[in-house]
Amino acid sequence: MNNKKYIYLCYEKRDYRLATPILKALRERGLEVLTPSKKESDELWAQEAQSLIENAAIFMPIVTQSFVESYRCRKEVHFADAKGLLMMTLFMQQTPLNYGLALLLTAEQGLERYKHKNLESFLTALLKAKPLERLLNECTPFVTQKTFAEYLLYAVKQKEISLNDFLKRFELCQEKAVKIISAMREYGFISEQKEGGTYDVYLTEYGFELLYFKNKKSVALSNLNKNNKYLFISYAHKNSDEVLPILHFLQNERIRVWFDEGIEVGSEWPATIQQKIKECALFMPIISADFVESKNCRKEVYLADTANLNILPVFLEECELKYGLELQLAQAERVYKKDYQTEYAFKYSLANHPSVTEAASDNDNFVSYDMLISAIELMLKKGAISPLSLQPYLCIGYKRAVNIVNALLEGGLAKSENAKKSIPLITEKGLEAFYTKNKTDVLF
């Protein structure tokens, strides 16, 4: 196993604006990144740079014209090459590689920023690079919530897992894989080890949704099971600040909605979105110029159209429906935000639109995310839960209390002790790992 655990980010100090989002993205992914401090003294700089580069797992130069002209940057590249370091070169501009750099910076692991339409696309490609994934799995000593969720979703899909499963699937070192399984047991997501070294997975895909794909801005999450009808909300995540208050309003009006937060966890998540689209009662694209330019949003519209779903496009703004969207939405009734004088009038009209109320309104069965979390907290505090104990605690009717308990059971967050009571499978630490932590927070 490689004992080197960090990335050395090499850049010219005048390019710090280019380096900052790269540095932030790498660290948010859970990677340790060190940068040169640019000491005034050449001697002090050389001592520090030599020590950091020698012990780096990856040498990552950010190449611009300023970089090429920098004596120190060129020296660091030559030193990293002489030491045989893995080099991931980020070409931010098309610039002549003078001073012999063309020979040193032609590694296959290079990425060209100028070939990507935007910074987001470039950073996505960077974070998916195999050397970074390998470093994250093998060398990073800690695990963030987002990374742990990837491992957990894999376990949920398998329904039964073992230490070897994690070692093979994620190329983890044994020490890290053991920590991950220990955490899953401590959180109440998997069983004790069985004969043969396997573990049963208590948590289900539905339970994973309830815990992980919650909205950080307090938008309620409906109790969506196979028997419930719901709206599938398709939107550009760049419009989140405008879209999420609309969804919050709909849910407060007892309209069940399903939407993803743009959190990519594992390769199975696109399949989940596909299933949710096909099973929805109404497909609602929230359209804007950003929506039109989003490849994922256009794919969702295409799937809904080919599945002959009921579609209600909601336009946040006037925009040209390019890339075939005009044809796909030609026969759909449309709602335009500009037709309403106030924000409230727009939201109220949308919540009471006949297509919406017919497809997904449900006063009795509505369960918010906050209700669900309160129910889990009560269950952990009392050691058991029942619909009768939930009613006075949440000030809700019996039918809704039953639905909450059923959601916990279906999600693998609780199990039936007898006909009247359910006891927790999830632990306080398991709830804390998802309810109080953000996706970039370190769990262990």
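Phe 148, Tyr 187, Phe 189 and Phe 434 come together as one aromatic cluster. The model is a predicted one. The count of aromatic pairs in it comes to 14, that of salt bridges to 16, and that of disulfides to zero. The points below take up the aromatic pairs, the salt bridges, an open sheet of five strands and two cysteines.

**Aromatic pairs**

- Within the cluster of Phe 148, Tyr 187, Phe 189 and Phe 434, the ring centres of Tyr 187 and Phe 189 lie 5.9 Å apart. The planes of Tyr 187 and Phe 189 meet at 75°, so this pair is edge-to-face.
- Tyr 187 is buried, its relative accessible area being 6%. Phe 189 is likewise buried, with a value of 0%.
- Among the 14 aromatic pairs is that of Tyr 154 and Phe 166, with ring centres 5.9 Å apart. Because their planes stand at 65°, Tyr 154 and Phe 166 are also classed as edge-to-face.
- Tyr 154 belongs to helix H8 (residues 145-158) and Phe 166 to helix H9 (residues 163-170), and twelve residues separate the two in the chain. Tyr 154 and Phe 166 are both buried.

**Salt bridges**

- Glu 186 and Lys 429 form a salt bridge in which the closest N and O atoms are 2.6 Å apart. Glu 186 is located in helix H10 (residues 174-187) and Lys 429 in helix H22 (residues 428-435), so the pair ties together parts that are 243 residues apart in sequence.
- Both ends of that bridge are partly exposed: Glu 186 has a relative accessible area of 39%, and Lys 429 one of 47%.
- Glu 12 is bridged to Arg 14, with 3.1 Å between the closest N and O atoms. The two ends stand in contrast, since Glu 12 is buried at 9% relative accessible area, whereas Arg 14 is exposed at 60%.
- Lys 338 and Asp 339 form another salt bridge, the closest N and O atoms being 3.3 Å apart. Lys 338 is exposed, with a relative accessibility of 53%, and Asp 339 is exposed at 51%.
- A network of salt bridges links Glu 242, Lys 337, Glu 343 and Lys 347.

**The five-stranded sheet**

- Five strands make up an open sheet in the order S10-S9-S11-S12-S13, and their pairing is parallel. Strand S10 (257-258) and strand S13 (335-336) are the edge strands, each pairing on one side only.
- Strand S11 (residues 282-287) runs parallel to strand S12 (residues 314-315), and two bridges join them. Ile 286 has Val 314, in S12, as its bridge partner.
- Helix H12 (residues 240-252) packs on this sheet and touches S10, S11 and strand S9 (231-235). The direction of helix H12 makes about 170° with that of S9.
- Glu 242, a member of the salt-bridge network with Lys 337, Glu 343 and Lys 347, falls within the residue range of helix H12 (residues 240-252).

**Cysteines**

- A disulfide is a covalent bond between the sulfur atoms of two cysteines. The count of such bonds in this predicted model is zero.
- Two of the cysteines differ in their surroundings: Cys 280 is buried, with a relative accessible area of 8%, while Cys 395 is exposed, with one of 69%.

Technical notes:
Residues are numbered from 1 along each chain as its sequence is written. This is a predicted model: local features need pLDDT of at least 70, side-chain atom pairs count only at pLDDT 80 or more; totals for chains, interfaces and linings use all residues. Side-chain values use heavy atoms; hydrogens and water are left out. A salt bridge is a side-chain nitrogen of Lys or Arg within 4 Å of a carboxyl oxygen of Asp or Glu. Buried means under 20% relative accessible area, exposed over 50%, partly exposed in between (1.4 Å probe, protein chains only). Helices (H or I, at least four residues) and strands (E, at least two) are DSSP runs, numbered from the N terminus. Two strands pair if DSSP finds at least two bridges between them. Contact means heavy atoms within 4.5 Å. Axes are lines fitted to C-alpha atoms, for helices over the stretch in contact, and angles run from 0 to 180 degrees between N-to-C directions. A disulfide is a pair of cysteine sulfur atoms within 2.5 Å. Rings of Phe, Tyr and Trp (its six-membered ring) pair if their centres lie within 6.5 Å; planes under 30 degrees apart count as stacked, over 60 as edge-to-face and the rest as tilted.
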